[in-house]
Amino acid sequence: MSVLLSIQGMSHYFGGLKAVSNFNFDVPEGVIYGLIGPNGSGKTTAFNLITGIYRPTEGRVFFQDREITGHKPFRIVHQGIARTFQNLRIFGNMTVLDNVRVARHFRVRSGLVSSLLRLPSFVREEREVRDEAMRLLDIMHLGGRAEEQAKNLPYGELRRLEIVRALATKPKLILLDEPAAGMNPKEVADLMELIKRVRDDFKVTVFLIEHHMKVVMGICERIKVIDFGETIAEGIPAEVGRDPKVLEAYLGRRGA
Amino acid sequence: MGNLRSSRLVTVVAFALSAWRSRRGNLPLPRLLTVAVLLYAVIQLLSRTGILNGYFMIIINRSLVFVILAVSLNLINGIAGQFSLGHMGFAAVGAYVSGSITTLIFMYTSEQVASIGGNIVFVIAIIVGGLAAAVVGFLIGFPSLRLKGDYLAIVTLGFGEIIRTILNNISVVGGPRGLLGIPKFSNFTNIFVFTFLTIVALRNLVQSSYGRALLSIRENEMAAELAGVNTTRGKVMGFAIGAFFAGVAGGLLAHLLQIAHPTQYGFYASALVLIMVYAGGMGSLTGSIIAAFFLTFLTEALRVGIDQLRDRVGIPVGTEWTMVIYALLLILVMLFRTDGLMGMREAKLLVIDERKK
Ligand SMILES: Nc1ncnc2c1ncn2[C@@H]1O[C@H](COP(=O)(O)OP(=O)(O)O)[C@@H](O)[C@H]1O
Ligand SMILES: [Mg+2]
């Protein structure tokens with residue numbers, strides 16, 4: 001298995017606060033990789049650094065052996081990294097279908113002028129995009145919602161829609177920021193199935209953040225545990241689950 | 001001559017009517033075009049028969065120009081979610097550039113040449129004016145990359161005033177007197193055609209991949225970027241396209257009134273266009289079209305009404321009061337119809353049916 005994403009010595013400060021401290025890790029191609037840690041431990045910040053929302057204060061990020069440190073977010077998406085957000089970021093006043101089609105825009109070959117004139121080549125491409133988006137929505141059981149305003153969807157479906165939108169960019173790596181947040185046990189179970197399918201059917205490497213240990217243990221093949229921006233354990237779920245530092249730092253804090 | 005023209009008009013109406021009826025038949029004239037042709041023919045007919053007098057036609061022409069201004073501002077403010085307060089600045093660029101071109105050319109050409117090639121020169125001048133405005137829009141688009149909301153509003157407001165001040169001080173284009181003696185090329189027909197083409201182009205844009213990308217910037221800029229949209233390019237592009245059509249509108253207005261004057265393009269006019277966009281509904285082309293017509297007619301009615309109040313009744317009021325009434329109108333709209341007349345909806349006529357072949 002080759003390394004898809006490699007992070008080397010990545011740190012990030014917000015003023016005096018060290019949110020991420022010397023992260024080093026490799027995400028191998030084809031795995032479901034989990035990053036866990038208590039609230040405020042720097043997980044989301046790590047995703048923001050990888051996707052170019054912030055430039056890391058120190059360290060470098062490589063994707064498929066090419067450096068992407070400090071690239072603009074949309075360029076990083078074009079290279080094959082997509083993500084979802086911990087706090088949903090849906091285009092509420094657009095239809096479900098349009099939410100997905102936006103993610104396909106950067107692959108459109110027709111120019112602006114041919115869209116203004118609606119030339120036949122453009123209309124044909126628009127139809128392709130529409131069909132592709134519909135197919136994705138159908139696979140994720142959102143096809144029936146296609147024409148609805150996204151803001152009218154229930155929470156669980158919005159979370160799924162964000163995953164569909166990310167998949168529509170045809171990523172090689174998808175970053176999921178607490179995908180199970182706010183879900184009931186049934187929805188969590190469905191989500192775990194869905195994440196496995198994303199990896200198996202779409203051949204997408206999955207890198208997810210979760211602070212529910214149970215979810216992570218269920219589907220992740222490799223886990224990294226952080227606290228206060230520092231890595232405290234890394235490995236396969238069985239090992240990490242037994243690690244005394246993890247039990248103390250993570251489970252101990254939660255009990256308190 | 002008059003009879004010949006009227007009979008030609010009747011033919012157009014008959015043709016349009018038959019096209020309307022046989023939409024599913026063998027005459028595949030699109031609905032929007034059919035409606036436009038009918039509307040054009042009816043107004044033209046009413047004008048020819050004298051039911052709509054010249055005064056009325058001037059207001060209709062002015063309304064059409066404001067339709068172009070409103071839908072193009074809607075692209076920037078409503079669709080791309082930026083906040084531009086200086087839309088008339090772009091119109092001024094179009095007016096002065098196209099006005100200078102035609103004025104110069106016809107100063108040195110004989111009448112015969114003018115009558116043959118005049119309309120071609122006119123159309124080219126209008127488009128060059130639009131392109132000049134687009135270049136300015138492109139440059140103004142850059143501050144929008146770093147500024148949001150109120151700050152951007154202030155910058156664009158400043159831009160509009162700067163344009164006005166510059167024009168006020170360039171003597172080759174008339175300075176404070178304005179650019180005078182612009183040939184009268186605009187008429188109901190060509191203004192109508194330009195307006196129709198603007199609406200179609202913007203409808204096509206908004207309901208395309210590019211339009212959806214612009215909308216996504218308004219909805220959530222970070223999510224748009226993370227969906228692969230180059231939001232920087234999108235915003236600058238939105239400004240440039242909006243400015244292009246504003247420039248076209250300015251050119252049409254200059255060749256209608258035969259004058260381009262700095263005061264026509266000041267903050268009041270920009271605010272009027274802004275009110276049209278808000279009252280019609282941010283993001284709705286239909287709303288902007290309706291509001292542009294309604295408010296242009298209202299402006300005229302208020303002007304006449306205020307004159308009457310002053311001259312006949314003796315109440316000392318001036319036309320400044322129109323602005324007060326607009327402000328009240330806008331407040332009423334915002335109170336009782338938060339999203340404007342149409343919200344984000346479009347009339348069916350302006351919705352592209354994607355399932356149709
Ligand atoms: N934009 C920001 N500005 C300042 N501090 C921030 C910002 N984003 C996150 N932080 C801080 O960085 C730390 C890590 O936050 P975050 O990455 O969101 O944690 P997690 O996702 O693990 O809950 C927290 O203390 C948080 O308050
Ligand atoms: Mg977080």
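**Which side chain has a polar atom 3.1 Å from the backbone nitrogen of Y210(B)?** The side chain of S208(B) does. Every view below comes from a predicted model, so keep in mind as you browse that the distances and areas are computed from that model.

**View 1. S208(B), a loop residue of chain B that touches chain A.** Start in chain B, in the loop that runs between α8 (188-206) and α9 (209-219). That's where you'll find S208(B). Its relative accessibility is 0%, and because anything under 20% counts as buried, S208(B) falls in the buried class. Leaving out residues up to four places away in sequence, S208(B) touches S115(A), F122(A) and E126(A). Closer along its own chain, a polar atom of the S208(B) side chain sits 3.1 Å from the backbone nitrogen of Y210(B). For a sense of scale, look for F66(B): S208(B) and F66(B) are 142 residues apart in sequence, and their C-alpha atoms are 24 Å apart in space.

**View 2. The magnesium ion (ligand 2) and its two protein donors, T44(A) and Q86(A).** T44(A) offers its OG1 atom and Q86(A) its OE1 atom, and these lie 2.0 to 2.1 Å from the ion. The two donors come from distant parts of the chain, 42 residues apart. T44(A) belongs to helix α1 (residues 43-50) of chain A, while Q86(A) is in the loop between β6 (81-83) and α3 (96-102). How exposed is T44(A)? It has 25% relative accessibility, so it counts as partly exposed. Q86(A) also has 25% relative accessibility and counts as partly exposed.

**View 3. Ligand 1 and the chain A residues around it.** Hang on to T44(A) from the last view, since it turns up in this shell too. Among the other residues surrounding ligand 1 are F14(A), P38(A), G42(A), K43(A) and Y54(A). Three polar pairs are worth finding here:

- An oxygen atom of ligand 1 is 2.7 Å from an N or O atom in the T44(A) side chain.
- An oxygen atom of ligand 1 is 3.0 Å from a polar backbone atom of G42(A).
- A nitrogen atom of ligand 1 is 3.0 Å from an N or O atom in the Y54(A) side chain.

On its own, ligand 1 has 560 Å² of accessible area, and the protein covers 63% of that. Which element gives the most residues to the shell? That's α1(A), with 3 residues. Both β2 (17-28) and α1 of chain A supply at least two residues each. Sorted by type, the shell holds 5 nonpolar, 6 polar and 1 charged residue.

**View 4. R83(A), a buried arginine in strand β6 of chain A.** Is R83(A) buried or exposed? Its relative accessible area is 4%, and because the cut-off for buried is under 20%, R83(A) counts as buried. The R83(A) side chain makes a polar contact with the side chain of N48(A) at 2.7 Å. It makes another with the side chain of T51(A), at 3.3 Å. Not counting residues up to four places away in sequence, R83(A) touches a list of residues that includes T44(A), F47(A), I53(A) and D177(A). T44(A) is one of the magnesium donors from View 2. The list also includes a residue from chain B, L226(B).

**View 5. V129(A), tucked into helix α5 (residues 120-139) of chain A.** With a relative accessible area of 2%, V129(A) is buried. Leaving aside neighbours within four places in sequence, V129(A) is in contact with R101(A), R104(A) and V108(A). V100(A) makes a handy landmark: V129(A) and V100(A) are 29 residues apart in sequence, with their C-alpha atoms 9.5 Å apart in space.

**View 6. Q64(A) and Q258(B), two residues with positive phi.** Neither of these is a glycine. Q64(A) has a phi near 50° and is found in the loop between β4 (58-63) and β5 (66-67) of chain A. Q64(A) is partly exposed, at 29% relative accessibility. Over in chain B, Q258(B) has a phi of about 65°. Q258(B) lies in the loop between α11 (231-257) and β2 (259-260), and its relative accessible area of 34% makes it partly exposed.

**View 7. Chain B, with 14 helices and 2 strands.** What share of the 357 residues in chain B is buried? The figure is 52%. The chain's accessible surface comes to about 16700 Å², and 68% of it belongs to carbon and sulfur atoms.

Note on methods. Residues numbered from 1 in each chain as written. Chains lettered and ligands numbered in written order. Predicted model: local features only at pLDDT ≥ 70, side-chain atom pairs only at ≥ 80, totals over all residues. Heavy atoms only, no water. Donors = N, O, S within 2.8 Å, 3.2 Å for Na, K, Ca; no water. Helix = DSSP H or I, 4+ residues; strand = E, 2+ residues; numbered from the N terminus. Buried < 20%, exposed > 50% of the residue type's maximum accessible area, 1.4 Å probe, protein only. Near = heavy atom within 4 Å. Polar contact = N/O pair within 3.5 Å; in protein donor to acceptor, adjacent residues only side chain to side chain. Areas by Shrake-Rupley, 256 points an atom, 1.4 Å probe, with all protein chains shown as cover. Nonpolar A, V, L, I, M, F, W, Y, C, P; charged D, E, K, R; others polar. Contact = heavy atoms within 4.5 Å.
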